[in-house]
Amino acid sequence: MIGTETSTRANRTVGISEMIVERDTDNVIVTYSLGSCLGVAVFDPVARVGGMIHCMLPLSKIDPAKAQAMPAMFVDTGIPTLLQACFDLGADSKRLRLSVAGAGSPLDDNHVFNIGDRNLAVLRKILWKNSLLIAAEDTGGSEPRTLYLEMKTGEVYLKARGDRRAL
């Protein structure tokens with residue numbers, strides 16, 4: 001899902017395996033319950049382009065057909081799709097601020113699957129290859145997080161267990 005609205009302020013929800021990218025809106029983009037999933041918010045303050053993605057799994061090779069139909073499901077296909085959508089709306093890679101949340105292990109106390117760790121590793125590799133850095137991060141652990149991007153200001157924050165904190 002990609003939006004380019006210019007109407008009044010609204011909450012825009014990014015579901016699991018979805019993304020939203022907008023330019024010049026007053027909306028708040030939000031994604032809920034990031035556990036092992038990876039939430040990434042990007043914002044270019046000059047172009048006023050921002051977006052968010054909620055990726056479930058690290059690598060698309062486990063289901064290429066699903067990756068083609070739903071690229072945001074996988075980190076390796078979703079992150080390039082998110083970045084390209086931002087660039088298509090005028091964002092510049094030199095001005096992009098990337099904030100990351102999730103990548104935990106809420107149901108994997110024995111660290112058998114390490115989905116969160118693998119999601120984060122794939123993200124870091126993609127960003128490194130594209131000379132992009134993470135500006136803010138709240139990852140790991142077992143608490144679910146809700147990630148917010150204020151499109152008017154570019155402020156990114158999260159809520160976890162009722163507490164709001166800047167990211």
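**Salt bridges in a predicted model**

Ten salt bridges are counted in this structure. The model is predicted, and every value here is computed from it.

Start at arginine 48. Its place is the loop between β4 (38–44) and β5 (49–55). Arginine 48 pairs with aspartate 24, and their closest N and O atoms lie 2.7 Å apart. Aspartate 24 sits in another loop, the one between β2 (19–23) and β3 (28–34). The two residues are 24 apart along the chain, so this pair links distant parts of it.

How exposed is aspartate 24? Its relative accessible area is 45%. Because partly exposed covers the range between 20% and 50%, aspartate 24 counts as partly exposed.

Arginine 48 also forms a salt bridge with aspartate 26. Here the closest N and O atoms are 3.8 Å apart. That distance still qualifies, because the cut-off is 4 Å. Aspartate 26 lies in the loop between β2 and β3, 22 residues from arginine 48, and this pair too links distant parts of the chain. At 28% relative accessibility, aspartate 26 is partly exposed.

Now move to arginine 145. Its partner is aspartate 138, with the closest N and O atoms 2.7 Å apart. Are these two residues buried or exposed? Arginine 145 has a relative accessible area of 3% and is buried. Aspartate 138 is at 16%. Buried means under 20%, so aspartate 138 is buried as well.

This pair belongs to a network. Asp138, Glu143, Arg145, Arg161 and Arg165 are joined into it by salt bridges that share partners.

Methods:
Residues are numbered from 1 along each chain as its sequence is written. This is a predicted model: local features need pLDDT of at least 70, side-chain atom pairs count only at pLDDT 80 or more; totals for chains, interfaces and linings use all residues. Side-chain values use heavy atoms; hydrogens and water are left out. A salt bridge is a side-chain nitrogen of Lys or Arg within 4 Å of a carboxyl oxygen of Asp or Glu. Helices (H or I, at least four residues) and strands (E, at least two) are DSSP runs, numbered from the N terminus. Buried means under 20% relative accessible area, exposed over 50%, partly exposed in between (1.4 Å probe, protein chains only).
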